[in-house]
Amino acid sequence: MAFRFCRTQRLLKTDDFSSVFRLRQSRTQRWFQVYARPNGGLPARLGLVVGKRTAKRAVARNYIKRTVREVFRLQQPALDGVDFVVRARECFGRKEGHEARKALAGLFAKLARCRASSSPSSVSTS
């Protein structure tokens, strides 16, 4: 299994982001708000929103994005079938990085469980 974050695993277009925001299935905690939308069984995809209001300096914004991508990469096999948009709510640094990663992994897990319980069964009728 390859743990990469390639182009097919990213939400790139505005329409992709809009469709995830439109569904309004989200979970929030101190550092992140995570939106989710089922994508029809395709591999999980990730979109990131880290604004200047959250972190003034580009170095801090890039650290947040790298952290989110790493958590997503490690959790990816369990997240298939869902598009995620992660919006950073509060800036964090290396001191709080471990707590933020743990919290984000928990949000991904909660949303993946919600998807599994709300999606119709995968039994085919022939």
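**A four-stranded sheet and the helices across it**

In this predicted model, four strands form an open sheet in the order E1-E2-E4-E3, with mixed pairing, where two strands are said to pair if DSSP finds at least two bridges between them. Strand E1 (25–28) and strand E3 (45–49) each have a single partner strand and stand at the edges, so one side of each is left without a neighbour in the sheet. On average, neighbouring strands of this sheet are turned by 20° against each other, direction ignored; axes here are lines fitted to C-alpha atoms, for helices over the stretch in contact, and angles run from 0 to 180 degrees between N-to-C directions.

The protein chain as a whole has three helices and four strands, which follow one another from the N terminus as α-β-β-β-α-β-α. Helices (H or I, at least four residues) and strands (E, at least two) are DSSP runs, numbered from the N terminus. Residues are numbered from 1 along each chain as its sequence is written, and side-chain values use heavy atoms, with hydrogens and water left out. Because the model is predicted, local features need pLDDT of at least 70 and side-chain atom pairs count only at pLDDT 80 or more, whereas totals for chains, interfaces and linings use all residues.

Within the sheet, strand E2 (residues 32–38) and strand E4 (residues 82–88) pair in the antiparallel sense over seven bridges, and Arg37 stands opposite Asp83 in E4. On the other pairing of E4, five bridges join E3 to E4, and these two strands run parallel, with Leu48 opposite Val86 in E4. Together with H2, strands E3 and E4 make a left-handed β-α-β unit; a crossover is called right-handed if, with the strands pointing away from the viewer, the path from the first strand over the helix to the second runs clockwise.

Two of the helices can be placed against the strands through their contacts, a contact meaning heavy atoms within 4.5 Å. Helix H1 (residues 14–23) lies across E1, E2, E3 and E4 and runs at about 100° to E2, while helix H2 (residues 58–75) lies across E2, E3 and E4 and runs at about 160° to E3.

Aromatic side chains add further links, and a search of the whole structure finds six aromatic pairs. Rings of Phe, Tyr and Trp (its six-membered ring) pair if their centres lie within 6.5 Å, and planes under 30 degrees apart count as stacked, over 60 as edge-to-face and the rest as tilted. The rings of Phe21 and Tyr35 have their centres 4.8 Å apart and their planes at 85°, so this pair is edge-to-face; it links distant parts of the chain, with Phe21 in helix H1 and Tyr35 in strand E2, 14 residues apart. Tyr35 has 7% relative accessibility and counts as buried, which means under 20% relative accessible area, with exposed over 50% and partly exposed in between (1.4 Å probe, protein chains only).

The rings of Trp31 and Phe92 also form an edge-to-face pair, because their centres are 6.3 Å apart and their planes stand at 70°. Trp31 lies in the loop between E1 and E2 and Phe92 in the loop between E4 and helix H3 (97–118), so the pair ties together parts that are 61 residues apart in sequence. Trp31 is buried at 4% relative accessibility, and Phe92 is buried with a relative accessible area of 3%. Trp31, Phe32, Tyr63 and Phe92 form one aromatic cluster.
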